[in-house]
Amino acid sequence: PVTARQHAIFEQLMKITPNFREVIFTASQEEITRIADLLQKGANGARSDDTKSLKGAVIEWITPKGQALNPPLTRNVKIDRGFHHERTGFLLCPTGLNWQDAEVKEKLRCGEQLVSGNEWPVFIYHGYIYNPEDPWNGAFRSLLLVKAFKHIFTSPSSVDKDLKATQSGNTRLHDMTSVTAASIAYVATQIRFSLCSSSIFSRTDNMTDSEQFYNSVLEAFMDLDESDEVVKLLEWWNRQIFPGHSVISERIVNKDSALARIKARHTQRKALQEAANTTHV
């Protein structure tokens with residue numbers, strides 16, 4: 001799975017970067033190392049910017065409308081987040097556990113029960129409701145994820161606005177025309193971290209287990225047995241972020257339209273000309 005994922009990333013780079021394949025296959029080992037370092041530096045910088053930006057914004061999104069968090073959470077300090085706070089604890093609670101169970105809550109808070117990255121939190125679900133009989137129902141469709149996606153990939157000002165088909169913000173800048181499985185996994189990982197009490201994002205942090213969480217989500221998305229669910233999920237996301245996407249992909253040209261008739265007449269003329277040429281021969 002890791003090799004397949006890495007190859008998929010490579011292919012994406014080929015598509016979005018002109019002449020990248022030629023550069024890679026003609027570069028020396030030293031040049032390739034340099035390119036890899038630059039790519040990693042860019043990725044780290046972008047991730048750091050997103051982490052800082054979401055740190056405060058997420059507080060507004062998880063506060064129920066017309067209410068206040070009790071106790072309040074500060075935008076710039078994370079130590080009182082995670083399982084220490086009722087709201088963030090509920091959102092981070094793994095779907096297999098009951099946050100309302102006092103014993104479960106205490107074990108999570110004191111660290112007696114550690115949460116693996118393979119255990120998905122309830123915040124990824126629409127309405128924060130998990131159905132154990134149908135785990136795909138509402139999965140990765142929460143309003144919290146949509147807000148974070150818009151914040152990162154379109155613009156912070158677009159979070160509470162209905163996007164128009166012609167409005168794409170940063171997505172146009174980065175030539176992004178559709179939502180990808182990797183982008184959903186990335187946003188979910190960022191939100192998971194923003195809700196926890198850890199102050200420094202680290203791939204190898206055993207407490208947050210962020211890398212394992214990201215990989216588990218992406219592996220589920222890449223599982224061929226789940227392809228039907230993933231296709232429906234991506235279609236749903238594209239309707240949220242790119243309103244014109246599904247319309248464009250399903251648009252059919254009417255056979256009686258002016259354009260269709262012009263093309264049909266051209267095809268007919270071409271066929272007659274070829275027939276005439278064949279007769280003369």
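1. A pocket, as the word is used here, is an open set of grid points with protein on both sides within 12 Å along at least five of seven lines. In this predicted model, the second largest pocket has a volume of about 390 Å³.

2. The lining of that second largest pocket is made up of 19 residues, and those that lie nearest its centre are F83, C196, S197, M207 and T208. Among the elements of the chain, α5 and α8 (181–195) are the ones that give two or more residues to this lining. Sorted by class, the lining residues of the second largest pocket comprise nine nonpolar, seven polar and three charged ones.

3. For the chain as a whole, the secondary structure consists of twelve helices and zero strands. Of the 281 residues in the protein chain, 36% are buried, while the surface that the chain exposes comes to about 17700 Å², with carbon and sulfur atoms supplying 54% of it.

4. Contacts across the sequence also deserve a reader's attention: of the contacts in the protein chain with a separation of 6 or more, 57% are between residues 24 or more positions apart.

5. A single residue, S142, may serve as a local example, and its place is in the loop between α5 (102–110) and α6 (143–154). S142 has a relative accessible area of 0%, and because buried means under 20% relative accessible area, S142 counts as buried. Leaving aside residues up to four places away in sequence, S142 touches F123, I124, Y125, H126 and Y128.

Notes:
Residues numbered from 1 in each chain as written. Predicted model: local features only at pLDDT ≥ 70, side-chain atom pairs only at ≥ 80, totals over all residues. Heavy atoms only, no water. Helix = DSSP H or I, 4+ residues; strand = E, 2+ residues; numbered from the N terminus. Buried < 20%, exposed > 50% of the residue type's maximum accessible area, 1.4 Å probe, protein only. Contact = heavy atoms within 4.5 Å. 1 Å grid on protein atoms, 1.4 Å probe; cavity = no way out; pocket = protein on both sides within 12 Å on 5 of 7 lines; lining within 4 Å. Points joined across faces, edges and corners; volume = space filled by probe spheres on them. Nonpolar A, V, L, I, M, F, W, Y, C, P; charged D, E, K, R; others polar. Areas by Shrake-Rupley, 256 points an atom, 1.4 Å probe, with all protein chains shown as cover.
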